Protein chains: 2
Amino acid sequence: MKKDELLTQANQLCAVDYAFKRIGGKYKARILWYLDMRGVLRYGELRRTLPDITTKMLTQTLRELEEDKLILRKMYHEVPAKVEYSLSETGQELIPFIAHLHAWAKKQIEMDALSVGKVKDERTAAVCKSVCDTE
Amino acid sequence: MKKDELLTQANQLCAVDYAFKRIGGKYKARILWYLDMRGVLRYGELRRTLPDITTKMLTQTLRELEEDKLILRKMYHEVPAKVEYSLSETGQELIPFIAHLHAWAKKQIEMDALSVGKVKDERTAAVCKSVCDTE
DNA sequence: CTGCATCCAGGCGGATACTG
DNA sequence: CAGTATCCGCCTGGATGCAG
């Protein structure tokens, strides 16, 4: 959802609602998080970092983040094409909150694993950890 | 989505993704936020606080939050019925992050209003403000 | 390499009516 | 008062193929 569409109905929305419309969705927070951790990323790097994303969703999500001015897009007119994405200043303001959420989630996942006794495959978990939880 | 369903696929998920699955959706964050601001709330009070919610979504969302142990549910076997909802300890740990998000969103909304020059209806905005942004 | 176009399924959430 | 039950539209997101 675009920012100006949101504004037209801003009256009936509260701030928390507004925020979730801008950074909600299946991939937005993760992309912001990765961009903060790794700095500047190319399209293909992002795609490899999110193994479950399709090109359609990656492009669409990046466009929305760009229109909302949360990320910066830099094109190089070369052959083959090259595009770099990075966090904007506004986007960086969101990192502390994603970090807090991330810390909370990690703790929860560990507690869940203990109490329920699942998550056996430690190797797979380690892969996810290396991709997602690098600090 | 329930917690145990999440755990079965936890290996392929990263922490940020996990968190958004638990507090994402259209109403979850707002409900947690209101419960923190107002303490204990009854079903009907919650419904009035979220003017745009239907009983189906309110019940469903409350059930999911309860199963995820983010809120507490206390029933009184009286006539007429009475049920009270409040934050659990785990739920309270999420408040700082929602607060941060809320502050960010408020700032963004003001900036958007200035730059785009919309949001004319101040009375309606005031209503939302009184309901959503009470501190 | 970095996308866009098209088609399609599933599920989130809405509307309405009914109940202990 | 605090929900259930049912039906249904829409929109998110997936799969595939094509293009500059």
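This is a short chat about helix α5 of chain B and the two DNA strands in a predicted model.

Me: Anything to know before we start?
Reply: It's a predicted model, where local features need pLDDT of at least 70, side-chain atom pairs count only at pLDDT 80 or more, and totals for chains, interfaces and linings use all residues. Residues are numbered from 1 along each chain as its sequence is written, chains are lettered from A and ligands numbered from 1 in the order in which they are written, and side-chain values use heavy atoms, with hydrogens and water left out.

Me: OK, what should the 13 residues of α5 in chain B span?
Reply: Residues 55–67 should span 18 Å at 1.5 Å a residue, and the end C-alpha atoms are 18 Å apart, which agrees. The expected span is 1.5 Å times one less than the number of residues. Helices here are DSSP runs (H or I, at least four residues), strands are too (E, at least two), and both are numbered from the N terminus.

Me: Which residues of α5(B) are buried?
Reply: B:L58, B:T61, B:L62, B:E64 and B:L65. Buried means under 20% relative accessible area, exposed over 50%, and partly exposed in between, using a 1.4 Å probe and protein chains only.

Me: And what covers those buried residues?
Reply: The cover includes α3 (28–38), α4 (43–49), β2 (71–76) and β3 (82–87) of chain B. Contact there means heavy atoms within 4.5 Å.

Me: Switching to DNA: which residues come nearest to strand D?
Reply: Of the 19 residues around it, A:K26, A:K56, B:R42, B:R73 and B:Y85. Sugar and phosphate account for 68% of the strand D atoms that come within 4 Å of the protein. A residue is near a strand if one of its heavy atoms lies within 4 Å of it.

Me: Where does the largest share of that surface near strand D come from?
Reply: From α5(B), with four residues.

Me: What does B:T55 sit 3.0 Å from?
Reply: A polar side-chain atom of B:T55 lies 3.0 Å from a base oxygen of DNA strand D. B:R73 has a polar side-chain atom 2.8 Å from a phosphate oxygen of that strand.

Me: And strand C, what is A:G44 up against?
Reply: A backbone N or O atom of A:G44 lies 2.7 Å from a phosphate oxygen of strand C. The side chain of A:T55 has an N or O atom 3.0 Å from a base nitrogen of strand C.

Notes
Polar contact = N/O pair within 3.5 Å; in protein donor to acceptor, adjacent residues only side chain to side chain.
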